[in-house]
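Please look through the sequence and the model shown below. The report that follows takes up a helix, a metal site, internal cavities and aromatic contacts in turn.

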Amino acid sequence: MAVASSLVEQHGEDAFRTAFRSFRRKDPPPDLLSRVLDFSGGGGGPVGDQVLSADLDVCAVSDEEAGRVGLRPLRDWRAFGLQGSPGFIFIANPFLQGCQPFWVKQCLKTYPQKPNVCNLDLHMAPGDTHDIWGKSAHILRSPPCAKKGPKTLLEKLRWVTLGYHYNWSTKTYSPDHHTPFPEDLHSLSSVVAAGAGFPGFLPEAGILNYYRSDSSLGIHVDEAELDHTRPLLSFCFGQSAIFLLGGPQREAPPTAMYMRSGDVMVMSGQSRLLYHAVPRILLDLPPTGLHTTRSPGQGSPQEGSLAGEVSQEDWAVCSRYIQTSRVNMTVRQVLSPGQSFPEVRPGEDPEAGPGDGYGEGGTVGEKWRRSGSDETESSHT
Ligand SMILES: O=C(O)CCC(=O)C(=O)O
Ligand SMILES: [Fe+2]
């Protein structure tokens, strides 16, 4: 059941905004929370009538290929769809035990490194954003002291872009702002896309969002990619969140669901261009599957695994960070095979990209990330 159907719309605002604001309230109404879908089956909200089981192509990927990127064999994945949202697939934590830490470490230690781009680059000198991990790790590794020191760079990180770098101002990608897409994330994405029925998916752009406890992600549609027939993949790590999935217009009341560490979402087909948002990070639920111990009994990654073990030293930093944070990676194919970017003709304003519907609130970037109370909007650049 869509959560906003019983909420009173205020000031003529659309149903999505009404729901978004309700979840941002300090104490969301209990009946609202009771209708948040919980795919983990681990208690909490119901898996409602709206939930279907989703078909995967379990033969598309061998157990070895899945294990190599830290995923369980595809036949063991629990995948769900939503009535009324064809193409939306929710995969409840398909990671092998002990393998999420590798991806958390990549998000915190590896992907923020140059030549990738992050929010700190927008207002800091290049030398100062050079080694975000190195400049933060020793502080995060030491025991928290009573007097809070200044935030580390890692704690100030809000987004990182990979591959074709999303331009938050023009809301476009461009051929001349591109760096190599990380090979390990390419492999992980290819496995998930193939399992979801999209063999040959080409991961070309990534947006990593770093959420602190009061962060949120405004209502938007991801439409800057030129090929919308390819899915958008989303990987969640760390603290849980409430995710809202709406319709093609903001007037449609959204469905709310919990997203927990390890959960993966695929937005494809008609769901590729649906409005969505993250109104709330939840600190009261312990992150699942985030211990480093690997279980030898359940197909743990073998020789040649990309998802290597994380050293205790690195994990001390990562685990401290995600005690109060959530990290999300979205992976997108930008172009169809053989497609190129439209040429900017002389005299045309290269800044005037197509609208991307991020409208209000915004991404982790300047335009659409919100934080603080439901009344205040602030940017996180
Ligand atoms: O953090 C999330 O779960 C959603 C991220 C998202 O929608 C985006 O990056 O476009
Ligand atoms: Fe999005």
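Which residues in H4 are buried? Gln100, Pro101, Phe102, Trp103, Val104, Lys105, Gln106, Cys107 and Leu108 are buried in H4, where buried means under 20% relative accessible area, exposed over 50% and partly exposed in between, with a 1.4 Å probe and protein chains only. Helix H4, residues 100–110, is thus mostly covered, with nine of its eleven residues buried; helices (H or I, at least four residues) and strands (E, at least two) are DSSP runs numbered from the N terminus.

The model is predicted, and local features need pLDDT of at least 70, side-chain atom pairs count only at pLDDT 80 or more, and totals for chains, interfaces and linings use all residues. Residues are numbered from 1 along each chain as its sequence is written, chains are lettered from A and ligands numbered from 1 in the order in which they are written, and side-chain values use heavy atoms, with hydrogens and water left out.

**Iron site**

The iron ion (ligand 2) has as its protein donors His220 (NE2), Asp222 (OD) and His276 (NE2), which lie 2.1 to 2.2 Å from the ion. Donors are N, O and S atoms within 2.8 Å of the metal (3.2 Å for Na, K and Ca), and sites may look incomplete because water is not among the atoms. Along the chain the donors of this ion follow the spacing H-x1-D-x53-H. Asp222 lies in the loop between strand E7 (215–220) and strand E8 (232–238), whereas His276 belongs to strand E12 (residues 276–282), so the pair ties together parts that are 54 residues apart in sequence. Both Asp222 and His276 are buried.

**Cavities**

On a 1 Å grid over the protein atoms alone, a cavity is a set of points where a 1.4 Å probe fits but cannot get out, and its lining residues have an atom within 4 Å of a point. Grid points are joined across faces, edges and corners, and a volume is the space filled by probe spheres set on the points. There are two cavities of 30 Å³ or more, set out in the table; for the lining classes, Ala, Val, Leu, Ile, Met, Phe, Trp, Tyr, Cys and Pro count as nonpolar, Asp, Glu, Lys and Arg as charged, and the others, Gly among them, as polar.

| Cavity | Volume | Lining by class |
|---|---|---|
| Largest cavity | about 160 Å³ | ten nonpolar, six polar and three charged residues |
| Second largest cavity | about 30 Å³ | three nonpolar, two polar and two charged residues |

The largest cavity is lined by 19 residues, of which Leu217, Ser234, His276, Asn328 and Thr330 lie nearest its centre; His276 is also a donor of the iron ion. Strand E13 (326–332) is among the strands that each supply at least two residues of this lining, and E13 gives the largest share, four residues. The second largest cavity is lined by Gly98, Pro101, Phe102, Thr292, Arg294, Glu309 and Val310, and of these Pro101 and Phe102 are buried residues of H4.

**Aromatic contacts**

The structure holds eight aromatic pairs, in which rings of Phe, Tyr and Trp (its six-membered ring) have centres within 6.5 Å, with planes under 30 degrees apart counted as stacked, over 60 as edge-to-face and the rest as tilted. Trp159 and Trp168 form a tilted pair, 4.9 Å centre to centre with 50° between the planes. The rings of Tyr166 and Trp168 have centres 4.9 Å apart and planes at 85°, so this pair is edge-to-face. Trp159, Tyr166, Trp168 and Tyr173 form one aromatic cluster.

How values were computed:
On a 1 Å grid over the protein atoms alone, a cavity is a set of points where a 1.4 Å probe fits but cannot get out, and a pocket is an open set with protein on both sides within 12 Å along at least five of seven lines; lining residues have an atom within 4 Å of a point.
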